[in-house]
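Hello,

Here is the structure I promised to pass on. Please open it first, then read my notes below.

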Amino acid sequence: MPYSAGSLEMRRQQLISQRSTVEMRKGHAVSVRRAYKRYGTKRSPIVILENLNMTVPKGTIYGLLGSSGCGKTTLLSCIIGRKKFNSGELWVLGGSPGSKGSGLPGPRIGYMPQEIALYNEFTIRETMKYFGWIAKMSTEDVEDRLCFLTNLLMLPDIDRKVKNLSGGQQRRVSFATVLLHEPELLILDEPTVGLDPLLRETIWNHLTEITKDRSTTVILTTHYIEETRQAGLIGLMRSGYIMAEESPASILSRFETDTLEDAFLKLSIMQNMGRRKRSIAARAVASAVVLPSGIVNQALDVDDDHHHEISAEFGDGLTTSKTGRRFSLVAQEAIPQLPQEPVHKAELGDYLLHLEPRHMKALIWKNFLWILRNWPIMLTVIALPVTQFAIFYLAVGHTPTNLNIAIVDYESGDRDCHPLSCNGTRLGCNYLEYLKKKKIHLIRYETEGDAIDAVNRGETYASVIVKENYTTALKARISNGRRSDEWDMFHSTIDVYRDASVKDISTFLRFYFYDSFMTFIADYMDSCELNRNALKLPLQWNAPVYGTVETDFTEFATPGVLITIAFFLAAALTAVAMLVERNEGILERSLVMGVSPVEVLTSHVVSEFVLMMIQIVAVTCCGLFIFRMKVMGSLVLFIILLSLSGFCGMWFGFALSSMCDNETSAAYILLGSFFPLILLCGVIWPIEGMVHGLQLVAQVLPLTQPVEGLRSIMQRGWSMRKPPVYHGYITISMWTLLFIIFSVVLIKYKRG
Ligand SMILES: Nc1ncnc2c1ncn2[C@@H]1O[C@H](COP(=O)(O)OP(=O)(O)OP(=O)(O)O)[C@@H](O)[C@H]1O
């Protein structure tokens, strides 16, 4: 063993013992015992806090010092109730954060995170109003307090937007929001970073003032170690636990030094005794430091392979040990056994019924203000759905016109056509006139070869060849019927060569040629006073039961496009709003002040629902009044089904925001789900056209049944009694429920 029991005992005596009873610990502003916190999994844990004890008496300024990454923010997050220790005991203002009746999280705590965590688009006044309302202050009280804080912190014009302030000014606004409601416990993560010395001095004076006069307690972290001389207590944290917890004066005298920096360095070396130094620089610093008398710096003569431990050097935060053994300066027998913590089982009512009106007012106001201030989002809300729908309606599904068709009329050449009559001698030319009425563009060619070449070159979609003796042969074919000879059959046939690579155009051309020929031949029969229907196909197409004779692809795709727009825009808007709020630390700030996740979620449901309804009404009006979109059934059923689809999209957005860490991953999932849903849910192609296995998958997807239901309402005029309509309603409701459960479980699971 490189260190003896005696020397360890001596070093332990340098520290202050933390013996206490539970009642004493509850009486402190903050009391932490034997805290253990890890990230990662049980099998490969990243241990951040281990065996950490901390005592913050009421009315003190407690400076929590430690190198970058040593776990200060993690510790503070646990104290404010945003993260949980894996084990250990925590009392904050006499209660356990998150327990019923503790009032924590709540306005008793003010938390200033490291990041600015403010709404960039808000003015200083609006920011204060939001946080003040959350802390249950009246608008007048907020204004009064803002006046005081503006002077104290030298805030700029309070009607300036946060995004237009300098970094230091933003930090001051961030600090002002914590002081606004005068909480009992202030937790400040690096409040003075980036501020000029004068302002830092003012802040420290103010903190001293409020801790002296009003029993406010302050815990702050800072990298300016020397400024904590004004603190009542300093906690020196390293490698996941607190090495010393004393007044600045006591630390300085015990370590026989003039600066806190120096004392911290000495403590770090003492803590590292018996550990291998990874770098020559670390060895050099350690050997140069003179420790208080009686302490031997054993770090210098340590066996490299000792315990396989990896040292936590000076700038290093984490201690990991392959053996899991850990050297502690705190004597283990000094820590009393932990009492059983009371377990409060959350009831459903705890989650659902607690909607504080003032929180809801602040949250909903903030959501709308945020949307109004973010014009790209405003544009998304109002203009995008209407634009998308208009683009779809104008661009998709309509009959192609002005198609180039090559014609060769060997019978008429380029002579003009006579009107159609029974005695006509150039009927081929008359047929081409009928074809022209289909708004296709006929281009004359001299020879059949030229016309086919034009198709080959991609200049025309088809070539139509009328043979020299067309009229004679056609008349003979009509009068001879089934006794017509081969010559008549051959010469009365118009040849068509076509480019069938574009399937829809090819289908349209086929329809144009057939339809114009049937009209032409019926009119010719009329002119000869024969039965005009004699040459028609013996197949009677009666008026359609549902839909119209002229039904085009636009009508087929409209329900799917409407539902897709409602679903995906709501999902995108919700996911972005939630992620921005969460990732900029603003959500955390609100939660610490007592806003519950259910309230945040409900406020977003309300604001996003209002926006979604605006989108749906705008798109519906655009469809009905501008594009004459037909809704044969109930408009109420139509609007409700569309709204439910948007509502389901909103919850999809919530689920995404709970699942993803940032907007980019949410965007990838949204994009990744967009195409499969469009392709599989019968939006652009009937699901009857899919392979069988895929049809089964398609049936259970969120949009398939709603699309069919909406189609049935719009084009068949069906009511709720028809299965496709109520199946649509049931499916979208089930999926909404699924997304709600998924979001809530994820929020609960991911916390801590
Ligand atoms: N969610 C997380 N998952 C895994 N590791 C994390 C997570 N959050 C923090 N850490 C790690 O935990 C360690 C402690 O982080 P923490 O933010 O508490 O340090 P800190 O002392 O506040 O540092 P600084 O002074 O630089 O802010 C760091 O090494 C950090 O990388």
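**The ligand site**

By class, the shell around the ligand holds eight polar, four nonpolar and two charged residues. Keep in mind that this is a predicted model.

The shell has 14 residues in total. Those that come nearest are S68, K72, T73, T74 and Q114. Helix α3, residues 72-79, gives the most to this shell, with three residues.

Three polar contacts are worth a look on screen. Oxygen atoms of the ligand are the partners in each of them.

- T74: a polar side-chain atom sits 2.6 Å from a ligand oxygen.
- Q114: here too a polar side-chain atom is involved, and the distance to a ligand oxygen is 2.6 Å.
- G69: a polar backbone atom is the partner, with a ligand oxygen 2.8 Å away.

How much of the ligand does the protein bury? The figure is 63% of the 650 Å² that the ligand exposes when taken alone.

**The six-stranded sheet**

Now to the sheets. One is an open sheet of six strands. Its order is β5-β6-β7-β3-β8-β9, and the pairing is mixed. Strands β5 (109-112) and β9 (241-246) are the edges, so to speak: each pairs on one side only. From one strand to the next, the twist averages 15°.

Look inside this sheet at β6 and β7. Strand β6 covers residues 185-189, and strand β7 covers residues 217-221. The two run parallel, joined by five bridges. I187 stands opposite I219 of β7.

A helix also belongs in this view. Helix α6, residues 167-179, lies across β5 and β6. Its direction is at about 170° to β5.

**The four-stranded sheet**

Another open sheet has four strands, in the order β11-β10-β12-β13. Pairing is mixed in this sheet. The edge strands are β11, residues 441-444, and β13, residues 495-498. Each of these pairs on one side only. The twist averages 25° from one strand to the next.

Which way do β12 and β13 run, parallel or antiparallel? They run antiparallel, and four bridges join them. Strand β12 spans residues 462-466. A462 stands opposite R498 in β13.

**Where to start**

I would begin with the ligand. Bring up T74 and Q114, whose polar side-chain atoms each lie 2.6 Å from a ligand oxygen. Then turn to G69, where the backbone provides the polar atom. After that, follow the six-stranded sheet from β5 to β9, and finish with β12 and β13.

Best wishes

Terms used
Residues are numbered from 1 along each chain as its sequence is written. This is a predicted model: local features need pLDDT of at least 70, side-chain atom pairs count only at pLDDT 80 or more; totals for chains, interfaces and linings use all residues. Side-chain values use heavy atoms; hydrogens and water are left out. Two strands pair if DSSP finds at least two bridges between them. Axes are lines fitted to C-alpha atoms, for helices over the stretch in contact, and angles run from 0 to 180 degrees between N-to-C directions. A residue is near a molecule or strand if one of its heavy atoms lies within 4 Å of it. A polar contact is a pair of N or O atoms within 3.5 Å; within protein, one must be able to donate a hydrogen and the other to accept it, and residues adjacent in sequence count only if both atoms are side-chain atoms. Accessible areas come from the Shrake-Rupley method with a 1.4 Å probe; for residues, only the protein chains shown count as cover. Ala, Val, Leu, Ile, Met, Phe, Trp, Tyr, Cys and Pro count as nonpolar, Asp, Glu, Lys and Arg as charged, and the others, Gly among them, as polar. Contact means heavy atoms within 4.5 Å.
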